[in-house]
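Dear colleague,

Please find below the structure that I am handing over to you, together with its sequence. My account of what was found in it follows directly after.

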Amino acid sequence: MASDHVDVLIIGAGLSGIGAACHLRRDCPDKTYAVLEARDAIGGTWDLFRYPGIRSDSDMFTLGYSFKPWTAPKAIADGTTIREYVRETAREYDVPRHIRFRHRVLRAEWDSDTARWTVHAQRTDTAEIVVLTCSFLFACAGYYRYDEGYTPPLPGVEAYAGRLVHPQHWPDDLDHTGKRVVVIGSGATAVTVVPAMAQRAAHVTMLQRSPTYVLALPARDPLADALRRWLPAKAAYPVVRWKNVLLSTVNFQLSRRAPGLVKRVLRRAARGRLPVGYDVDRHFSPRYDPWDQRLCVAPDGDLFTAVRDGTASVVTDTIDTFTATGVRLASGAQLPADIVVTATGLNLLALGGLTLRVDGVDVDLPNTVAYKGMMLSGVPNFALTLGYTNASWTLKADLVAGYVCRLLRHLDRTGQQVVTPLPPPDAERVPLIDLRSGYVLRAVDTLPKQGATTPWRLHQNYARDVLLMRHGRLTDEGVRFSRAGEMPVPDRTRPPVASERR
């Protein structure tokens, strides 16, 4: 860490950033790298969030790294176990000594003459500005704000005398034993918090404005348990991983092609886990189609169990006003609450708040187009990790990190220094993230776009992306390779040479 120049500078020491560093160690061991992390610990999301029940909403055979078998018993794992898995992986690949903690990246400036990024970061402990240079910049900072969750206007909240908390900033001293709890929200966080708090609270009410699809899945994977008896972890892991990839792909594709059928299946499954006569249509049948927003996972159906046992309830209504002792609803009903949890979502923050300049010109993110879902048109030697919206984040993160390593080896092999994505030839632009979740819709105008066709179009299909990113050509009409000082002018007529196919 003595040098202030590295070949690759990674932003973020969470699941994606640690994975990127491990890929570099495995595939490009000759490259120097550093990791800048704004916080003081490895783990990212899995170190930040500490609310009751914090867990994955994807199975760990796909959320885990492709090169590091998941060996813990539960497929739907708790946050502490996931955090230790990330840290253990980092230690195995000697990543911690390359991390500079408490370094928040502010801006990065590309200079074509030197083919280098100059990166400005601020130490969060001393406010000192630190300047580094790198040949390739790799943003693995996720896409939401770590310092602030989303809370909508809450009428009359100033009158409330109880405890008000947001899951993103869970207080260490909060004891909910024997308390009446109202959780506002119906997304993945609410579906996690409610059954977890219901184990010790007097009662927990999930107050939702509209319902969400909730899918009960086994906390343990039966196939994984069976294979582990006969096969070593490295042999069993990819089998279970691909099985889960294929199941999630079928689920998503069926939801897109036959949403009515999937609605009926989800409704029937929910009804089978709830008390006889329960109003499933009101509380668990959304107005939108499956996968317009992410499905929420309930391991072993824990949310349905809490409702059936009476330790939790679901109320679908809107807030009229807070009172000193709880919440009054538009229907006139009163919800007494000692604790109110605002599980109301996230605030998106593209690139972790990093601003980019290329040869003295600011990069306007909403006017860039994503290339293969991982690079931005007109921005040289830069990649970002953006996981799948319909599957595990790490599936795409692994592919992106592997592709970056392919690019770096190609640059060395051909004597080039710069790779610059180009915009698509047509003018069609659509949002990069196609979900209709509130946190996406609130920020869609601040994010890059995608085009109409490959390689500018995201297909949310892991098997297709494996072919494209692990085995597809590195050169196509969407990218240009060059040397320092050369402008990446599009040349769509030159056929790729053989070396560019590797």
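Is Asp94 buried, partly exposed or exposed? The relative accessible area of Asp94 is 29%, so this residue is partly exposed. Before going further, I should state that the model is a predicted one.

**Salt bridges**

Side chains of opposite charge can pair when their charged atoms come close. In the whole structure, a search finds 27 salt bridges. One of them joins Asp94 to Arg97, with 2.5 Å between the closest N and O atoms. Arg97 has a relative accessible area of 56% and is therefore exposed, whereas its partner Asp94 is partly exposed.

Another salt bridge is formed by the side chains of Arg163 and Asp173, at 2.9 Å from N to O. This pair links distant parts of the chain, ten residues apart: Arg163 belongs to strand β7, and Asp173 to the loop between β7 and β8 (180–184). Arg163 counts as partly exposed because its relative accessibility is 33%. Asp173, at 57% relative accessibility, counts as exposed.

A further pair consists of Asp398 and Arg241, whose side chains meet in a salt bridge of 3.4 Å, N to O. Here, too, distant parts of the chain are linked, since Asp398 lies in helix α11 (residues 393–414) and Arg241 in helix α7, 157 residues apart. Are these two residues buried or exposed? Asp398 has a relative accessibility of 4%, and the limit for a buried residue is under 20%, so Asp398 counts as buried. Arg241 counts as buried as well, at 4% relative accessibility.

Finally, there is a network to note: Arg39, Asp47, Arg50, Arg83 and Arg87 are joined into one by salt bridges that share partners.

**The second largest pocket**

Helix α7 appears again in the description of a pocket. Rolling a probe the size of a water molecule over the atoms shows where empty space is left. The second largest pocket has a volume of about 560 Å³. Its lining is made up of 25 residues, and those nearest the centre are Asp59, Leu215, Leu217, Asn244 and Ser248. Two elements, β10 (214–217) and α7, give two or more residues to this lining. Which element supplies the largest share of the lining of the second largest pocket? That element is α7, with six residues. By class, twelve residues of this lining are nonpolar, seven are polar and six are charged.

**Cavities**

The structure holds six cavities of 30 Å³ or more. The largest cavity contains about 140 Å³ of space. It is lined by 13 residues, of which Gly142, Tyr143, Leu351, Leu384 and Leu386 lie nearest the centre. How many residues in the lining of the largest cavity are charged? There are no charged residues in that lining, which has eleven nonpolar and two polar ones.

The second largest cavity contains about 80 Å³ of space. Among the residues that line the second largest cavity are Gly373, Leu386, Tyr388, Lys396, Leu432 and His459. This lining has five nonpolar, five polar and one charged residues. Leu386 may be looked for in both places: it is named in the lining of the largest cavity and in that of the second largest cavity.

**A nonpolar surface patch**

On the surface, Val250, Leu254, Leu261 and Val265 make a nonpolar patch of about 320 Å². Helices α7 (233–257) and α8 (259–273) each supply at least two residues of this patch. Leu261 is a residue of helix α8. Why does Leu261 count as partly exposed? The reason is its relative accessibility of 37%, because partly exposed covers the range between under 20% (buried) and over 50% (exposed).

**A residue in a loop**

Tyr160 is placed in the loop between β6 (129–139) and β7 (163–165). With a relative accessible area of 9%, Tyr160 is buried. How far is the C-alpha atom of Tyr160 from that of Val130? The two atoms are separated by 44 Å, and the two residues are 30 residues apart along the chain.

With kind regards

Terms used. Residues numbered from 1 in each chain as written. Predicted model: local features only at pLDDT ≥ 70, side-chain atom pairs only at ≥ 80, totals over all residues. Heavy atoms only, no water. Patch = residues over 30% accessible without salt bridge, like charges linked within 9 Å, V, L, I, M, F, W, Y side chains within 5 Å. Areas by Shrake-Rupley, 256 points an atom, 1.4 Å probe, with all protein chains shown as cover. Salt bridge = Lys/Arg side-chain N within 4 Å of Asp/Glu carboxyl O. Helix = DSSP H or I, 4+ residues; strand = E, 2+ residues; numbered from the N terminus. Buried < 20%, exposed > 50% of the residue type's maximum accessible area, 1.4 Å probe, protein only. 1 Å grid on protein atoms, 1.4 Å probe; cavity = no way out; pocket = protein on both sides within 12 Å on 5 of 7 lines; lining within 4 Å. Points joined across faces, edges and corners; volume = space filled by probe spheres on them. Nonpolar A, V, L, I, M, F, W, Y, C, P; charged D, E, K, R; others polar.
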